[in-house]
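Thank you all for making the time this morning. I would like to walk you through one protein, beginning with the whole chain and then moving to a few individual residues.

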Amino acid sequence: MWTSGEDCVYSNEVITALSQSKPLVALESTIISHGMPYPENLQTALQVESVVRENGAVPATIAILQGKVHVGLEREELEHLSKKGKSVWKCSTRDLVYVLAQRLDGATTVSATMVIAHRVGIPFFVTGGIGGAHRGSERTFDISTDLIELGRTPVCVICAGVKAILDIPKTLEVLETQGVTVVTYGQEEFPAFYFASSGIPSHIHVDKLEDISRMFAVNRRWNLSSGLLVAVPVPRKDKDISDRIQNAIQEALEELQRKQLTGEQVTPFLLQRIADLTGGDSLKLNIELILNNAAVGAQLAKLYASRSDTSS
Ligand SMILES: O=c1[nH]cc([C@@H]2O[C@H](COP(=O)(O)O)[C@@H](O)[C@H]2O)c(=O)[nH]1
């Protein structure tokens with residue numbers, strides 16, 4: 001446990017869980033500030049935490065507030081981040097030292113949340129979708145740090161696959177290069193966030209959470225530096241919504257090209273445009289898939305905590 005009270009503040013719920021070795025699930029905060037509008041972001045963050053509790057684990061939403069790492073947020077802190085939205089620093093691994101040193105507020109992305117979760121000893125982390133290799137990344141080099149962090153931080157990340165706004169085959173190639181084990185839960189095809197189907201077969205798929213728990217136990221026993229990425233298909237398979245989201249993705253990508261946005265602005269812009277163009281349907285699906293991931297992640301954390309062959 002990271003005991004430096006100077007830099008790290010734990011919520012009471014998280015402190016108790018850590019001291020009693022209860023299963024914990026880390027949650028990111030960029031999804032709250034940059035991934036969704038207010039008030040849906042606040043409602044979703046609270047719901048995700050409830051789903052984690054209902055499934056037998058303790059939620060630890062991670063963010064940086066006035067230069068301190070918070071592991072577990074109180075309601076007013078969640079409200080603060082939700083309302084400040086995109087004016088909060090989008091903090092990926094490269095930004096951590098700046099945001100901490102300047103005593104800023106930072107919403108942690110998948111990469112920074114992984115770094116912090118690992119540091120405080122939380123092996124499971126639930127999110128919606130990870131960042132990836134953007135379309136055209138062979139020219140722009142726009143590849144999310146999330147993929148690199150997965151290669152060097154041994155945390156089990158539960159997501160709904162990789163968004164179709166990204167280049168999915170390239171994303172999987174980069175993960176392979178980084179030595180990341182990617183496993184799809186419950187189907188053969190790798191899921192594409194809004195869509196259960198991507199047309200791309202998974203390198204590894206399993207049907208039981210016990211298999212994933214055992215894989216992560218091996219990862220930890222071998223002391224690997226890489227993480228385990230678990231892809232959980234979105235539960236709703238509605239052809240009509242899928243078609244509308246597919247069209248919206250095309251339109252949003254064309255707008256992106258015209259606007260010439262780059263770097264950390266790309267993902268929030270696309271998510272917002274797709275939500276606008278689908279009249280909020282993509283946002284509803286986004287919320288559904290995160291809640292589903294939260295249930296799966298909490299069950300997995302609980303299962304893992306009951307193993308007799310692990311120490312963490
Ligand atoms: O559906 C979502 N996917 C991803 C993100 C966030 O976007 C980050 C990736 O950003 P970039 O593509 O700039 O690396 C992820 O780590 C995550 O925090 C999000 O808010 N919503």
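Before anything else, one definition, which I will lean on throughout: a residue is called buried when its relative accessible area is under 20%, exposed when that area is over 50%, and partly exposed in between. With that in hand, D95 counts as buried, because its relative accessibility is 7%. Please also keep in mind that what you see is a predicted model.

Let me start with the overall picture. The protein contains 13 helices and 11 strands, and its C-alpha trace spans about 50 × 40 × 35 Å along the principal axes. For a chain of 312 residues, a compact globule would be expected to have a radius of gyration near 20 Å, and the 18 Å found for this protein agrees with that. Of these 312 residues, 56% count as buried. The accessible surface comes to about 13500 Å², and carbon and sulfur atoms account for 50% of it.

How are the contacts spread along the sequence? If we take contacts between residues at least 6 apart in sequence, 72% of them join residues that are at least 24 apart.

Turning to charge, the protein has 30 positive and 36 negative charges, and the mean positions of the two sets lie 2 Å apart. There are 20 salt bridges in the structure, and I would like to look at some of them in detail.

Let us take R53, which has a salt bridge to E13, with 2.7 Å from N to O. This pair links distant parts of the chain, since R53 sits in helix α3, residues 40–54, while E13 sits in helix α1, residues 12–19, and the two are 40 residues apart. R53 is partly exposed, because its relative accessibility is 37%, and E13 is likewise partly exposed, because its value is 31%.

R53 also forms a salt bridge with E49, where the closest N and O atoms are 3.6 Å apart. Here both residues belong to helix α3, four residues apart, which is about one turn of the helix. Is E49 buried or exposed? With a relative accessibility of 6%, E49 counts as buried.

Now back to D95, whose side chain meets that of R94 in a salt bridge of 3.4 Å, N to O. Whereas D95 is buried at 7%, R94 is exposed, with a relative accessible area of 58%. Elsewhere, salt bridges that share partners join E210, D211, R214, R221, R307 and D309 into one network.

Helix α3 comes up again with N41, which lies in that helix. N41 is buried, since its relative accessible area is 2%. Which residues does N41 touch, once its neighbours within four places in sequence are left aside? N41 is then in contact with I32, M36 and S82. As for T108, which is 67 residues from N41 along the chain, the C-alpha atoms of the two are separated by 15 Å.

I will finish with the backbone, and with a reminder of what one usually expects. Most residues other than glycine have a negative phi, and most peptide bonds are trans.

Against that background, please look at the peptide bond from Y38 to P39, which is cis, with omega near 5°. P39 lies in the loop between α2, residues 30–33, and α3.

Next comes F141, a residue other than glycine whose phi is positive, near 65°. F141 is placed in the loop between α7, residues 137–140, and α8, residues 145–152, and F141 is exposed, because its relative accessible area is 67%.

Where, then, is N223, and how does its backbone look? N223 is found in the loop between α10, residues 209–221, and β11, residues 228–231, and its phi is near 55°, again a positive value in a residue other than glycine. With a relative accessible area of 59%, N223 counts as exposed.

That is what I wanted to show you, and I am happy to go back to any of these places.

How values were computed:
Residues numbered from 1 in each chain as written. Predicted model: local features only at pLDDT ≥ 70, side-chain atom pairs only at ≥ 80, totals over all residues. Heavy atoms only, no water. Rg over C-alpha atoms; globule rule 2.2 N^0.38 Å. Buried < 20%, exposed > 50% of the residue type's maximum accessible area, 1.4 Å probe, protein only. Contact = heavy atoms within 4.5 Å. Areas by Shrake-Rupley, 256 points an atom, 1.4 Å probe, with all protein chains shown as cover. Lys, Arg positive; Asp, Glu negative; His and termini not counted. Charge placed at Lys NZ, Arg CZ, Asp CG, Glu CD. Salt bridge = Lys/Arg side-chain N within 4 Å of Asp/Glu carboxyl O.
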